[in-house]
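Colleague: Hi! Could you walk me through this one?
Modeller: Happy to, here it is.

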Amino acid sequence: MPVPAPATKLPNVGTTIFTVMSQLAAEHGAVNLGQGFPDFDVPERLVQALGRAMREGRNQYAPMTGLPVLREAIAAKTERCYGHRPDPDAEITVTSGASEAIFDAVHAVVRPGDEVIVLDPCYDCYEPAIDLAGGHAVHVPLDPAHFRADWDRIRAAVTANTRMIITNTPHNPSGAMFSGDDIAQLAALLHDTGIYLLSDEVYEHIVFDGARHESALRYPALRERAFVVSSFGKTYHCTGWKVGYCIAPPALSAELRKVHQYNTFCTFTPAQAAFAEMIEAEPAHYEGLGAFYQAKRDRFQEQLLDTRLKSLEVPGGYFQLVDYSAVSDLDDASFCRWLTVEKGVCAIPLSPFYATPPRRQHLARLCFAKNEATLDAAIERLKDL
């Protein structure tokens, strides 16, 4: 008798849109501005530090919570950036990428029947983690024009079953950022509740035009209930190394570590040593990251003026949303496939980031975390739209 196929625990999950579009780009020789990874070099000091750590024999398991030297460096960096020094032993956990930290945080506190508020469009790893924990994602749409939070709608979504709210600033896919008023609204919403906050801050250093990143770590009323997630891959151009971390109060970190311990247990040891050195030796890297990417954003937006695509505002992050209404009336998934196959430029549609996409929203996401030659090649093809 044949073994029956298992009943799926994730009936709404297929192959991620990033994998689908990157494979399509490879098949058709398209310039890949879809998946969010840089195509330029990792900082030289970081490469040298990684090689040195491996040659020195730092190739075995790291402590479950992360190398002490890295946790100390993270604590010092956090104080420098946000005026708060977390306890390296009790409040910082190094994870195998930010996605693992998000998964661990959800599973640390979300139980069957709990509700988790997510703000659409949102990154695609949130809801599967919630589903696997037995929770229910409650989708609240952001303003479709500027991707700002509608706090009246968010407050209306809170019920007695709300266990967590997930926020993301700077926001993927739009680049929108929380303001001081957004933080005040969020703090008021959570005040005197048992609701936890998962603050996804992986683009924390990629902010533009003199703006300040409003980390939850700046605000005692938020950080006492928050899992704050960061990404070395985004900050240091090495997404393939898959190293991130989570800062949370001791009681929340203790629960997160129970999941982390039996999920990955620990993370790439020599990279941890390399990041510790990089943080301490070259703070100018993360301090200058906004200016580095702002130059790319400005140049890319100027080039897009020679195409029929309309650029939307990008306050932070390294993605550019474009309105393609002047080019096509296709839905976004069909347009991005057509753009990849027929025009040789890969973009990501926005609809997979939504539970219920807005009707007739003609937007696509392009990644400008690329070298100038890559962006120039894409622009030459986009001029022919």
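Modeller: We can go through the pockets and then the helix packing, bearing in mind that this is a predicted model.

Colleague: Pockets, please. What volume does the largest pocket have?
Modeller: The largest pocket comes out at about 710 Å³.

Colleague: And how many residues line the largest pocket?
Modeller: Its lining has 31 residues. Nearest the centre of the largest pocket you will find S99, Y123, D124, K234 and K242.

Colleague: Which elements give two or more residues to that lining?
Modeller: Those are helix 1 (17–28), helix 4 (98–109), helix 5 (126–132) and helix 9 (232–235).

Colleague: Which helix gives the most there?
Modeller: That would be helix 4, with 4 residues in the lining of the largest pocket.

Colleague: How does the lining of the largest pocket divide into nonpolar, polar and charged?
Modeller: There are 14 nonpolar residues, 12 polar ones and 5 charged ones in the lining of the largest pocket.

Colleague: OK, on to the second largest pocket. What is its volume?
Modeller: The second largest pocket has about 500 Å³. It is lined by 21 residues, and N12, V13, D124, P128 and P352 are the closest to its centre. You may recognise D124, which also lies among the residues nearest the centre of the largest pocket.

Colleague: Nice. Which elements give two or more residues to the second lining?
Modeller: For the second largest pocket, they are helix 1 and helix 5. Helix 5 gives the most, with 4 residues. By class, the lining of the second largest pocket holds 12 nonpolar, 6 polar and 3 charged residues.

Colleague: Let's switch to helix packing. At what angle do helix 2 and helix 11 cross?
Modeller: Helix 2 (residues 44–55) and helix 11 (residues 269–281) cross at roughly 140°, and their axes come within 8 Å. That angle is why helix 2 counts as oblique to helix 11.

Colleague: Left-handed or right-handed, helix 2 past helix 11?
Modeller: The crossing of helix 2 past helix 11 is right-handed.

Colleague: Which residues make the contact?
Modeller: From helix 2, they are R45, L46, A49, L50, R52, A53 and M54. Helix 11 brings P270, A271, A273, A274, F275, E277, M278 and A281. In this contact of helix 2 with helix 11, 12 residues are nonpolar, 3 are charged and no residue is polar.

Colleague: Back to helix 1 for a second. How do helix 1 and helix 14 cross?
Modeller: The axes of helix 1 and helix 14 (residues 332–343) come within 9 Å, with a crossing angle of roughly 25°. Helix 1 is therefore roughly parallel to helix 14. Their crossing is right-handed. Helix 1 makes the contact through M21, L24, A25 and H28, and helix 14 through C336, R337, T340 and V341. The contact of helix 1 with helix 14 has 5 nonpolar residues, 2 polar and 1 charged.

Colleague: Last one: what about helix 13 and helix 15?
Modeller: Helix 13 (residues 289–304) and helix 15 (residues 372–382) have axes that come within 10 Å and cross at roughly 15°. So helix 13 is roughly parallel to helix 15, and helix 13 passes helix 15 in a right-handed crossing.

Colleague: Who touches whom there?
Modeller: R299, F300, Q303 and L304 of helix 13 make the contact with E372, L375, D376, I379 and L382 of helix 15. By class, the contact of helix 13 with helix 15 has 5 nonpolar, 1 polar and 3 charged residues.

Note on methods
Residues numbered from 1 in each chain as written. Predicted model: local features only at pLDDT ≥ 70, side-chain atom pairs only at ≥ 80, totals over all residues. Heavy atoms only, no water. 1 Å grid on protein atoms, 1.4 Å probe; cavity = no way out; pocket = protein on both sides within 12 Å on 5 of 7 lines; lining within 4 Å. Points joined across faces, edges and corners; volume = space filled by probe spheres on them. Nonpolar A, V, L, I, M, F, W, Y, C, P; charged D, E, K, R; others polar. Axes fitted to C-alpha atoms, helices over the stretch in contact; angles between N-to-C directions. Parallel < 35°, antiparallel > 145°, perpendicular 65-115°, else oblique. Left-handed = near helix turned anticlockwise from the far one by under 90°. Contact = heavy atoms within 4.5 Å.
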